[in-house]
Amino acid sequence: YGSTRPERILAEVKRKATRGDARSVVDTIDQYCRHQEWAMNVGDEKGTILDSIVCEVKPRAMLELGTYCGYSAVRIASLLPPNSRLITMEFNPVFAAIARQVIAWAGVEDKVVLIEGPSGDWIPKMKKEFGLTSFDLVFLDHWKDCYLPDTKLMEECGLLRTGSILVADNVICPGAPDYLEYVRGSPRYESKYFRSHLEYTTVEDGIEKSVFLG
Ligand SMILES: O=C(NCCNC(=O)c1cc(-c2ccc(F)cc2)cc(O)c1O)c1cc(O)ncn1
Ligand SMILES: [Mg+2]
């Protein structure tokens with residue numbers, strides 16, 4: 001039996017990263033995925049753009065859709081102010097099991113809540129489940145054809161307030177054309193594109209930052 005890519009990434013983190021040191025976990029994953037085997041983490045280049053937005057917004061309540069191995073959850077959590085919480089949602093139980101261990105190794109488990117299941121089921125329950133009013137910042141990095149329906153669902157469920165910010169990965173590659181058209185065309189959003197590259201490659205990709213205007 002072979003191991004899975006997420007299992008190999010976790011093994012590399014346990015072998016090379018310093019327990020409790022979020023930066024070393026991030027750097028270890030970037031090194032491995034750049035030089036050993038590619039994986040769909042937001043990566044170092046787009047990660048720097050995400051870092052700057054997290055530091056600018058200083059979110060008290062943040063949501064990530066699409067945890068994968070926990071790379072961006074660790075990256076984000078290491079920048080969150082005290083008493084802030086990142087809720088990260090993963091559909092795939094195999095990914096979620098690995099992400100929990102990566103998050104624990106990085107020592108950020110007290111800032112991260114990982115929930116498993118389909119985003120469409122969870123979004124309508126979040127206010128009640130987590131005593132939330134709204135999210136200050138949402139990072140969309142899950143299935144690209146779910147970006148738009150999940151954004152509309154968050155609007156309908158009152159999870160976005162005036163000034164809430166959506167940050168979407170992969171708007172060029174693999175692409176989320178319907179989402180882009182929506183946030184760029186809607187008077188309810190102020191959108192900005194940050195040109196970059198697909199993680200660990202020279203292929204064009206980018207991040208779209210969209211402010212909800214209410
Ligand atoms: O969310 C789930 N997958 C990850 C979504 N993310 C992506 O698909 C993704 C893909 C790419 C990508 C880019 C170029 C290429 F050639 C191949 C893949 C890059 C990225 O940066 C992503 O974020 C998922 C999985 C599953 O089995 N069940 C429920 N949900
Ligand atoms: Mg991505």
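**Entry 1: a pair of strands**

I started at Ile165 and found it opposite Val211 of β7. The model I am reading is a predicted one. I then looked up the strands around this spot. Strand β5 covers residues 160-168, and strand β7 covers residues 204-212. They pair in the antiparallel sense, over 4 bridges.

**Entry 2: the other partner of β7**

Next I followed β7 to β6. These two also pair in the antiparallel sense, here over 9 bridges. I picked out Phe194, which faces Ile207 in β7. β6 and β7 make a hairpin, and 6 residues lie between them. In that turn I noted Tyr200, whose phi is positive, at about 65°.

**Entry 3: the whole sheet**

I wanted the full strand order. I read it as β3-β2-β1-β4-β5-β7-β6, an open sheet of 7 strands. The pairing is mixed. Which strands stand at the edges? They are β3 (112-116) and β6 (189-197). Each has a single partner strand, so one side of each has no neighbour in the sheet. I also looked up the twist: neighbouring strands are turned by 15° against each other on average, direction ignored.

**Entry 4: helices on the sheet**

Helix α3, residues 43-57, packs on the sheet. I listed the strands it touches: β1 (61-65), β4 (135-140), β5, β6 and β7. The direction of α3 makes about 145° with that of β6. Helix α5, residues 93-106, packs on the sheet too. It touches β2 (85-90) and β3, and its direction makes about 165° with that of β3.

**Entry 5: one residue from each helix**

From α3 I chose Asp51. Is Asp51 buried or exposed? It is buried, with a relative accessible area of 14%, because the cut-off for buried is under 20%. Leaving out residues up to four places away in sequence, Asp51 touches Arg23, Arg75 and Leu79.

From α5 I chose Arg100. Arg100 counts as partly exposed, at 39% relative accessibility. With the residues up to four places away left out again, Arg100 touches Leu114 and Glu116. I also checked a distance from Arg100 to Val203, which is 103 residues apart from it along the chain. Their C-alpha atoms are separated by 30 Å.

**Entry 6: the magnesium ion**

I turned to ligand 2, the magnesium ion. Which residues coordinate it? I found Asp141 (OD), Asp169 (OD) and Asn170 (OD1), at 2.0 to 2.2 Å. In sequence these donor residues are spaced D-x27-D-N. I looked up how accessible two of the donors are. Asp169 counts as buried, at 0% relative accessibility. Asn170 is buried as well, with a relative accessible area of 3%.

**Entry 7: two helices against each other**

My last stop was helix α8 (residues 147-156) and helix α10 (residues 177-185). They pack at an angle of about 40°, and their axes are 7 Å apart. α8 and α10 are therefore oblique to each other. I listed the residues that make the contact. From α8 they are Tyr147, Leu148, Thr151, Lys152 and Glu155. From α10 they are Asp178, Tyr179 and Tyr182. By class, I noted 4 nonpolar, 1 polar and 3 charged residues in this contact.

How values were computed. Residues numbered from 1 in each chain as written. Chains lettered and ligands numbered in written order. Predicted model: local features only at pLDDT ≥ 70, side-chain atom pairs only at ≥ 80, totals over all residues. Heavy atoms only, no water. Pairing = 2+ DSSP bridges. Axes fitted to C-alpha atoms, helices over the stretch in contact; angles between N-to-C directions. Contact = heavy atoms within 4.5 Å. Donors = N, O, S within 2.8 Å, 3.2 Å for Na, K, Ca; no water. Buried < 20%, exposed > 50% of the residue type's maximum accessible area, 1.4 Å probe, protein only. Parallel < 35°, antiparallel > 145°, perpendicular 65-115°, else oblique. Nonpolar A, V, L, I, M, F, W, Y, C, P; charged D, E, K, R; others polar.
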